[in-house]
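Welcome! Here is a short briefing to read alongside the coordinates.

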Amino acid sequence: MTWGQLYAKSVNKLERFANSSWSLMTSPHPKTSPHSIAPPRTCLAIVLAAGEGKRMNSGLPKVLHSVAGRPMLTHVLNALGQSGIQDVAVVVGPGRQDVADCARASASSVQVFEQTERLGTAHAVLAARQALSKDQTLSKEYDDLLVVFADTPLIKPESFTLMRQSLAAGADVVVLGFEAANPTGYGRLIVDKGGLTAIVEHKDATEAERQIHLCNAGLMALDGRKALSILDAIGNHNAQGEFYLTDAVKIARAHTGTARYVTVPESEVMGVNDRIQLAAAEAVLQHRLREAAMRAGVTLKAPETVYLSIDTQYGRDIILEPHVIIGPGVRIADHVLIRSFSHIEGAEIGTGAIIGPFARLRPGAKLANDVHIGNFVEIKASDVAAGAKINHLSYIGDASIGAKTNIGAGTITCNYDGFNKYRTTIGAGAFIGSNSALVAPVTIGDGAYIGSGSVVTENVEPDALALARGRQAQKLGWAKTFRDARRKDRP
Ligand code: UD1
Ligand code: CA
């Protein structure tokens, strides 16, 4: 067995490990990396995130647009983490602190570089020139250099491994290719028996070359020892006057090196340049997430109507009815029923809870076991203890609600005075009458009753009844007298 094959085998093994530990319940980074297994082959990944994203027509940088509740840049950094690649440099556009912050929040050890002028993908890679030596004092190069685009959010960790295997087997440059249903806009791979001869950008391609459907996904692996000399040789004589990374292929070949390509399905490497492609990527990822949820024990009655986030954590025997939307940061325990048209984000839902229809759970909603949340109820930054019920038309914000408490229809926690937010604390076994306004800060003791229609501004003792509304008056016979008098007035 050659050294390359041996390496490929060990990476493969780790890849399987990374995939098996990659469930929706686990952290995106596997605990072991290929670096811990001999033979050690070092790798630097440079992630390009400096493009302007003009075609998005957006104030937000393209790579911060989300797919399945997570920025595209984060998807790519997570995929790198899952494949065991730890040394990562991200290239951001001039002054793009927001992109740098996102990169650092997504992977703790990334180095961030700024591309001060946008002169093309090869120019962007060289903005991270400093990161190319593993040990800068010894000028010790990495074995593998991976260049990854941040606008390719569906990339799977296996694809990085595939490319590195091809490098390990002796190629100088490896390109990730795919058969595009519609190749317009993509660079085309020109191949011969010896492998890849060139990549021609759509704008530079002849009519005949435009007929080719084998396209460049934008990911490239380069032999770390040759990468810099190849990248430095790239010029900008092309339709766009840019330094194209894709020219690395021609240059490697001209230096009697080998360029190869490996292919993966289009659904893993579709690039996102505009909002139509963003929606297409979302559709692919939603399809994956629905299938993963169903495999994890979640019933989706109409999967295509349910929208999920990539970080949702599920228990078993959950039912999501049609038209449920789950945003980022949601944990759902076993035996939860979420009924139609509910919108949930940043919430924890305990075992046996029933949510909706038409419920809204916002960030910081923590529901314990067997809680019931009914229609047109909004919960924000509140702890709801086991067995409590909030079944109709309520707003509960910045509150804690004790076990088995019943919150009547139309109850509102008045948590905001226009400047500050205040907390409402309700004990266990309390009963809040319908249409009550609880003006925070306020505490209602265990077992207390609040009369319907009360505006509660003072604390209520445990087991007390609080009435904070006008006392009812009754004038016997008044209505009849009134009607009789009015009728007499009529001609
Ligand atoms: C690129 C490829 C094309 C490939 C396609 C796959 C080149 C020249 N073309 O085209 O062959 O089929 O991706 O999706 O590489 N970026 C920078 N700085 C720059 C320019 C771009 O950081 O100066 C970043 C962008 O943020 C993006 C990536 O590089 O993440 C690709 O740039 P983009 O302009 O989207 O290239 P495409 O036209 O899609
Ligand atoms: Ca692109």
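The points below cover a calcium site, a buried helix and some backbone details.

Please keep in mind that this is a predicted model. Two protein residues, Asp151 and Asn273, act as donors to the calcium ion (ligand 2). Helix α2 is largely enclosed by the rest of the structure.

**Calcium site**
- Asp151 (OD) and Asn273 (OD1) are the protein donors of the calcium ion (ligand 2), and they lie 2.3 to 2.4 Å from the ion.
- Asp151 sits in the loop between β8 (144-149) and α5 (157-168), while Asn273 sits in the loop between α9 (266-269) and α10 (275-295), so the pair ties together parts that are 122 residues apart in sequence.
- Asp151 counts as buried because its relative accessibility is 12%, under the 20% cut-off.
- Asn273 is buried too, with a relative accessible area of 17%.

**Helix α2**
- Helix α2 spans residues 72-82, and 11 of its 11 residues are buried.
- Among them are Met72, His75, Asn78 and Gln82.
- Just after α2, Gly84 adopts a positive phi of about 85°.

**Cis peptide bonds**
- Gly356 and Pro357 are joined by a cis peptide bond with omega of about 5°, and Pro357 belongs to the loop between β22 (354-355) and β23 (359-361).
- Ala440 and Pro441 are also joined by a cis peptide bond, with omega of about 5°; Pro441 is in the loop between β33 (437-439) and β34 (442-444).

**Positive phi outside glycine**
- Asn57 has a positive phi of about 50° and lies in the loop between β1 (43-49) and β2 (66-67).
- At 68% relative accessibility, Asn57 is exposed.
- His335 has a positive phi near 55°, in the loop between β18 (331-332) and β19 (337-338).

Note on methods:
Residues numbered from 1 in each chain as written. Chains lettered and ligands numbered in written order. Predicted model: local features only at pLDDT ≥ 70, side-chain atom pairs only at ≥ 80, totals over all residues. Heavy atoms only, no water. Buried < 20%, exposed > 50% of the residue type's maximum accessible area, 1.4 Å probe, protein only. Helix = DSSP H or I, 4+ residues; strand = E, 2+ residues; numbered from the N terminus. Donors = N, O, S within 2.8 Å, 3.2 Å for Na, K, Ca; no water.
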